[in-house]
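Visitor: I would like to go through this model with a few short questions. Please show it first.

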Amino acid sequence: MTSLYRNFFNLMAATASISVDDLVCPQCSEIYCVPVLLKCGHNICRVCLHKFWEWKGCRECPVCGTMSVPGRPPINLALKIAADDYQERRTSGNEEVCFIHNEKLKVFCKNDEEPICLICQISKQHKVHECCPVEEAAHQKKIEISTMLESLRKKLRILNKTKAQWEETKTYIQTQAYQNETAIKAEFEKLHQFLWEEEKSRLKVLKQEEETKTQVMYKKLEDIKDKIQTLSTTISDTEAALRAEDLKFLKDYKLTKKGAKSNIREPECVRGILINSAKHLGQLKFGIWKKMATVVKYVPITLDPNTAQSNLAFSQELSCVQYSSKQLLPDNPERCTSRVCALGANGFISGKHSWTVDVGRGTDWYIGVAQESIKRKSTIFLNPSEGFWVIGLCNGDSFWAQTSPRTKLVTKQKPERITVEVDCDKGKVVFTNAADLAVIHTFKDKFTERIFPYFSPGLCTNGKNASLTICPMTIKVDVE
C-alpha cells in the first residue's frame, strides 16, 4: 500500500512540473488526447500516430524518424493527466481569468493569437511575442474578420447570380431541344415512309444530348447549391462570432478565422453546354441525299444559332438569318452580344472554301469571315486588326471594305448575290459579284487561328426585316 501511494505522489509531482508547451502534440498542434510515449522519447497523440503510420507505411516517429519497436506504445499517464487537467480547467474555469496565474486576461498575444494575463506576457512563453491590449486587439481583429466576411458575401452573390444563369440555361436547353425536335419532325414529314428509321435515329441522338447536357447542368446546380449552403452557414457563423463579446470573440478567434477562410472556388465558365443545333439541323437533308437526291438542298455553310445576337432568327435548316424581335437567350460564352451578327457553325484552319450569300435588297449588312478569338461581348471595330475580314453595304448606297481605315468600293452594278472565297493557306479572302463574276474586294493577310464565316443582316429594309441567305449548291448523285 505504501508503494502505491509513493507511485501516486510521484505521478502528481511529474504532472505539476509539466508546462503548457509540453501539452501540445507535435503532430496535430493540439492539446494531447491519449499521448503515447515512443522509444525515442517523443510523445504523440495515439490517434495521430496511427494515422501517420498508416499514411507512412512504417512505424517511424513523426518527429525524428526513429523506427519504433513492435507492439503498442505505452500511454504517458502523467502527460495524459496533465493534458486532461488543462482541458478541464480551460473549459470550466472563469473565462476572464488566466487559468494558470488566476489573473485577468488583459493582453492579446499576436503571435499565438490568444488573450493572456500580464504575468503570461513576461513569462518565457510570451516574453518575445508582440502583444497589445485586449480592446485594441478586438477592434483590429473584428475589422480583419469583417473584411473576410465581405469577401464571403461577394462570393455568395457571384454564386447566386451564376445559379440563376444556370437555371435559365437548363430551361433553355430543354426549350432548344423541343424546338429542334419540332424542326426535325417537320423536315421528316416531307420525306417518304422509308426515311422513318433515319428520323428516329436523329431524334434519339438529340434526346441523348438533351439528357446528357441537362444532367450536366443538374449536377452543376446541385454542386453550386451545396456551395451556397456551405458559404451561407460560414457567413452565419462568422456573423454570430462578430456579435460576441470582445473576449469571447478573441477566445474563439482562431476557430472563427479558420472557418472564414473560404476555399470555395468561383464557378467556372461553362462552354459548349447548349444543344448543338448545327449538328441536329444543319444539312439535315444532305445527310440522306442518296435516298432523296431530287429534293435535297445543300448549302456549304451552316449558321450557328448559339453564336447569334438575341435579335436574330433562323430558317429551319439554319441557312438563312434575319433580324427579328428580341428573344430571351442565355448569355453563353459563344454568343455575340456586342453586334447584331452570327457565325457559321464550322470554322476553317486550312484549305480553300467558298459560299454565296444572297444579300437581297438589304440596305445595311456585313459578310465575310472572323477569327475564333474575336471579342464577342464588347464593342470593337470590324477590321483585320480585330480579327475581321468583311465588306458591307451602308445606307443602301455605298459599299465598304472594313480595312483600317475603311475602303470605299466601286461596283458597276449593285450585287444581290456575293460569293466569298477563302484560301486559308495563302491568307486571301475574295468577294465576287455572283452575277458577273467581277471581283469586289480582296483581303490579303495571314491567318494564325481558325476563322469562321461572319453574317450581319442589319436591321430593317423598307419596313421589312433584313435577311441574309446562303445560296444552295447544285447536287449530283455522283460526288467526286
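Guide: Two strands pair if DSSP finds at least two bridges between them. Keep in mind that this is a predicted model.

Visitor: Which residue in S17 does Thr432 stand opposite?
Guide: Strand S16 covers residues 428-433 and strand S17 covers residues 439-444. They pair in the antiparallel sense over 5 bridges. Opposite Thr432 in S17 stands Val439.

Visitor: Which residue in the hairpin of S16 and S17 takes a positive phi?
Guide: The hairpin has 5 residues between the strands. Among them, the one with a positive phi, near 60 degrees, is Leu437.

Visitor: Why do the buried residues of H8 line one face of the helix?
Guide: In H8 (residues 253-260), the buried residues are Tyr253, Thr256, Lys257 and Ala260. They line one face because, seen down the axis of H8, they fall within an arc of 95 degrees.

Visitor: Which exposed residues are on the face of H8 turned away from its buried side?
Guide: The buried residues of H8 pack against helices H5 (134-189), H6 (196-243) and H7 (246-251). The face turned away from that buried side carries exposed residues, over 50% relative accessible area. They are Leu255 and Lys258.

Visitor: Which helix supplies the largest share of the largest nonpolar core?
Guide: This core has 42 residues, and Leu231 and Leu250 have the most contacts inside it. H5, H6, H7 and H8 each supply at least two of its residues. The largest share, 15 residues, comes from H5.

Visitor: How many residues has the other core, apart from this one?
Guide: Leu393, Phe399, Leu409 and Phe455 are among its residues. The size of this other core is 33 residues.

Conventions: Residues are numbered from 1 along each chain as its sequence is written. This is a predicted model: local features need pLDDT of at least 70, side-chain atom pairs count only at pLDDT 80 or more; totals for chains, interfaces and linings use all residues. Side-chain values use heavy atoms; hydrogens and water are left out. Buried means under 20% relative accessible area, exposed over 50%, partly exposed in between (1.4 Å probe, protein chains only). Helices (H or I, at least four residues) and strands (E, at least two) are DSSP runs, numbered from the N terminus. The arc is that of the directions from the helix axis to the C-beta atoms. Contact means heavy atoms within 4.5 Å. A nonpolar core is a set of buried Ala, Val, Leu, Ile, Met, Phe, Trp, Tyr and Cys residues joined through side-chain atoms within 4.5 Å.
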